[in-house]
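Hi,

Here is the structure I promised to send over. Have a look at it first, then read my notes below.

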Amino acid sequence: MTRRAVARALVYLSLVLATLMVLLPLVVVFLTSLKTSREMADDSGALALPDDPFHLGNYVTAFEDGRMLTAFANTAVILVVAIGGTILIGSMTAYAIDRFTFRFKKLVVTLFLVAALVPGVTTQVATFQIVNSLGLFDTLWAPIALYMGTDIVSIYIFLQFVRSIPVSLDEAARLDGANAFTIYRKVIFPLLKPAIATVVIVKGINVYNDFYIPFLYMPSEELGVISTSLFRFKGPFGAHWETISAGTVLVILPTLIVFLFLQRFIYNGFMRGATR
């Protein structure tokens, strides 16, 4: 019993320490966003409370001068189109891999895995040349096209759910005269809602937080997204950490709210996909 109690205490202690490590930077950023430039100059400490806990001037400055409204709009367009394409391509790919028999099927699956193992930075020169030759550079279509390429994680999630759907449903639909695409559209796709929710959340957070692709392929300010707009505070607000912190909070809030409301879909999607 003593060993069990010690083990349990160590588990809780590690959880508390991990929670503090995650929350402490967020608390510092939030407190800094509520301070004035005078308070920041006093250097009273990162965890010092602001004199006015309702001081929102930094948020107004970050939102207006950082063109955050335009950034949110650009991010929303990229998210909707890219994730929609990922769902369509990923679910179709999983359906074809699981339901169809064709030559080199194992080789195709292996190539997906190999492509996932290749570091993206090693192919950036070729990728940039392709994007530029297609006339997509410095347009919203550049990140959309790159994000729309379905990653192996999305294919894996869809594949696990497609395998859980009985083949007898396909056979019954074929007896009614349905072709392969009709079966996918009317039978398979409607049953993939948990997998779709999981992919939307996981892929959406990755696209929302990505900085490299928008910064490289969309240098214009009017095409700024959340991540690049936040980075541009480094110029005119290089020393004003209170304004940069306010912009950081504005960027964090949407993903935090979405995750809190939809986190059960992430866990349920991975659990159901792994056990079926």
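The biggest contribution to the nonpolar surface patch is six residues from α14. Before I go on: this is a predicted model, where local features need pLDDT of at least 70 and side-chain atom pairs count only at pLDDT 80 or more, while totals for chains, interfaces and linings use all residues. Residues are numbered from 1 along each chain as its sequence is written, and side-chain values use heavy atoms, with hydrogens and water left out.

Back to the patch: α1 (2-33) and α14 (241-275) each give at least two residues to it. Patch residues have over 30% relative accessible area and no salt bridge (a side-chain nitrogen of Lys or Arg within 4 Å of a carboxyl oxygen of Asp or Glu). Like charges are joined within 9 Å, and nonpolar side chains (Val, Leu, Ile, Met, Phe, Trp, Tyr) within 5 Å.

The protein has 14 helices and zero strands; helices are DSSP runs of H or I with at least four residues, strands are E runs of at least two, and both are numbered from the N terminus. Its radius of gyration, taken over C-alpha atoms, is 24 Å, well over the 19 Å from the globule rule (2.2 Å times the number of residues to the power 0.38) for 276 residues, so the protein is more spread out than a compact globule.

One residue to click on is T93, which sits in helix α4 (residues 68-99). T93 is buried at 19% relative accessible area, since buried means under 20%, exposed over 50% and partly exposed in between (1.4 Å probe, protein chains only). Beyond neighbours within four places in sequence, T93 touches F112 and I155, with contact meaning heavy atoms within 4.5 Å.

Cheers
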